[in-house]
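Here are some short exercises to help you find your way around a structure that may be new to you. Try each task yourself before you read the solution below it.

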Amino acid sequence: MSQLRVTVWNEGVHEKTHEEVRKVYPDGMHTVIAEALRKHGHSVLTATLDEPDHGLSDTVLAETDVLTWWGHMAHDKVEDRIVDRVHKRVLEGMGLLVLHSGHFSKIFKRLMGTSCDLKWREANERERIWIIDPSHPIADGLGDSFVIPHEEMYGEHFDIPAPDTLVMVSWFQGGEVFRSGACYQRGQGRIFYFRPGHETFPTYYQPEVQQVIANAVKWLAPVGRTPMQYGHRPNPLEPLG
Ligand code: ZN
């Protein structure tokens, strides 16, 4: 496979406003995710909320095969015209990896069409992620399950449409479970939601988590084909008479 062009988008607000988060991600969590993807051989750009167009110009998006999205406290600051732009690119074939609190992002809610609400608790508990579709490319290199020692809990019910494929389920120390690795297709584009990544924990440094993100980027990559053509088709392919 040729090198994929990945844009790692991060709201980037917690890292500037919360000392606790800055200690974990001094240069922003996007730099950690980007570095992990570079190690897996991808060509990676980063983009953040405070850049013009949130770093997502038409040119950047046109040259992006897969966009990753982390946001939390500033979902409402993401301009609708940029959401429209990302939405259009997903329907055209750009892959989208939505991470953790990105479940409440404008783009994910629009693509899902549901509230995307869930239960949550910040209690530093253990999360065990079970691979329930071991033949799926996103499960490549992972065992039956892996543990994230400290995470925020997300619990069912998670108000998403039934995934096209569910690759992972999380169990939490407090007893809840959660659909934590969910695949969708919208238009020509693929979407993967991956649950872990609360900002106060070093989750994105963990090798298994980086492996899932790298696998997901590969699976999300658009297939090479000419753009779809819709609408009026006056000329039949075969003679009608
Ligand atoms: Zn969180």
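**Exercise 1. Is E152 buried or exposed in this predicted model, and what does E152 bind?**

Solution.
- Step 1: Start with the accessibility. E152 has 5% relative accessibility, and buried means under 20%, so E152 counts as buried.
- Step 2: Look for a partner. E152 is one of the residues that coordinate the zinc ion, along with H100 and H198.
- Step 3: Check the atoms. The donors are NE2 of H100, OE of E152 and ND1 of H198, at 2.0 to 2.1 Å.
- Step 4: Read the spacing along the chain, which is H-x51-E-x45-H.
- Step 5: Place two of these donors. E152 sits in strand β6 (residues 145–155), while H198 is in the loop between β9 (189–194) and α7 (207–220), so this pair ties together parts that are 46 residues apart in sequence.
- Step 6: Compare with the cut-off once more. H198 has 2% relative accessibility, so H198 is buried too.

**Exercise 2. Work out which pocket has E152 near its centre, and describe its lining.**

Solution.
- Step 1: Find E152 among the pocket residues. In the second largest pocket, H72, H103, W120, E152 and Y154 lie nearest the centre, out of 14 lining residues.
- Step 2: Ask which elements supply the lining. Those that give two or more residues are β5 and β6.
- Step 3: Sort the lining by class. There are four nonpolar, six polar and four charged residues.
- Step 4: Add the volume, about 170 Å³.
- Step 5: Turn to the largest pocket, with about 370 Å³ of space. Its lining has 15 residues, and E92, G93, Q188, R225 and P227 lie nearest its centre. By class, these 15 lining residues are seven nonpolar, four polar and four charged.

**Exercise 3. Describe the surroundings of F194.**

Solution.
- Step 1: Locate F194 in strand β9.
- Step 2: Judge the burial. F194 has a relative accessible area of 0%, so F194 is buried.
- Step 3: List contacts beyond four places in sequence. Among them are L97, V98, L99 and H100, as well as I129, M168 and S180. V209, V212 and I213 are also in contact with F194.
- Step 4: Link back to the zinc site. H100 is a zinc donor, and the C-alpha atoms of F194 and H100 are separated by 6.2 Å although the two are 94 residues apart along the chain.

**Exercise 4. Which backbone nitrogen does the side chain of H136 reach, and which does the side chain of H54 reach?**

Solution.
- Step 1: Place H136 in the loop between β5 (119–131) and β6. With 9% relative accessibility, H136 counts as buried.
- Step 2: Follow the side chain of H136, which reaches the backbone nitrogen of I138 at 3.0 Å.
- Step 3: Look further along the sequence. Setting aside residues up to four places away, H136 touches T165, V167, C183 and W219.
- Step 4: Place H54 in the loop between β2 and α4 (58–62). H54 is buried, with a relative accessible area of 5%.
- Step 5: Follow the side chain of H54, where a polar atom lies 3.0 Å from the backbone nitrogen of E79.
- Step 6: Collect other contacts of H54 beyond four places in sequence, which include W9, L49 and V78.

**Exercise 5. Which residues line the largest cavity?**

Solution.
- Step 1: Count the cavities. The structure holds one of 30 Å³ or more, and the largest cavity has a volume of about 50 Å³.
- Step 2: Name the lining: W9, E11, L49, W69, G71, A74, H75, V78, S105 and K106.
- Step 3: Connect this with Exercise 4. W9, L49 and V78 are among the contacts of H54 and also belong to this lining.
- Step 4: Sort by class, which gives five nonpolar, three polar and two charged residues.

**Exercise 6. Find what covers the buried residues of helix α3, then look at what follows the helix.**

Solution.
- Step 1: Pick out the buried residues of α3 (residues 29–39): M29, H30, V32, I33, A34, A36 and L37.
- Step 2: Identify the cover, which includes β1 (5–10), α1 (14–17), β2 (43–48), β3 (66–70), β4 (95–99) and α7.
- Step 3: Move just past α3 to G41, which takes a positive phi of about 95 degrees. G41 is found in the loop between α3 and β2.
- Step 4: Judge the exposure. G41 is partly exposed, at a relative accessible area of 38%.
- Step 5: Finish with a distance. The C-alpha atoms of G41 and S2 are separated by 9.5 Å, with their positions 39 residues apart along the chain.

Definitions and conventions:
Residues numbered from 1 in each chain as written. Predicted model: local features only at pLDDT ≥ 70, side-chain atom pairs only at ≥ 80, totals over all residues. Heavy atoms only, no water. 1 Å grid on protein atoms, 1.4 Å probe; cavity = no way out; pocket = protein on both sides within 12 Å on 5 of 7 lines; lining within 4 Å. Points joined across faces, edges and corners; volume = space filled by probe spheres on them. Nonpolar A, V, L, I, M, F, W, Y, C, P; charged D, E, K, R; others polar. Donors = N, O, S within 2.8 Å, 3.2 Å for Na, K, Ca; no water. Helix = DSSP H or I, 4+ residues; strand = E, 2+ residues; numbered from the N terminus. Buried < 20%, exposed > 50% of the residue type's maximum accessible area, 1.4 Å probe, protein only. Polar contact = N/O pair within 3.5 Å; in protein donor to acceptor, adjacent residues only side chain to side chain. Contact = heavy atoms within 4.5 Å.
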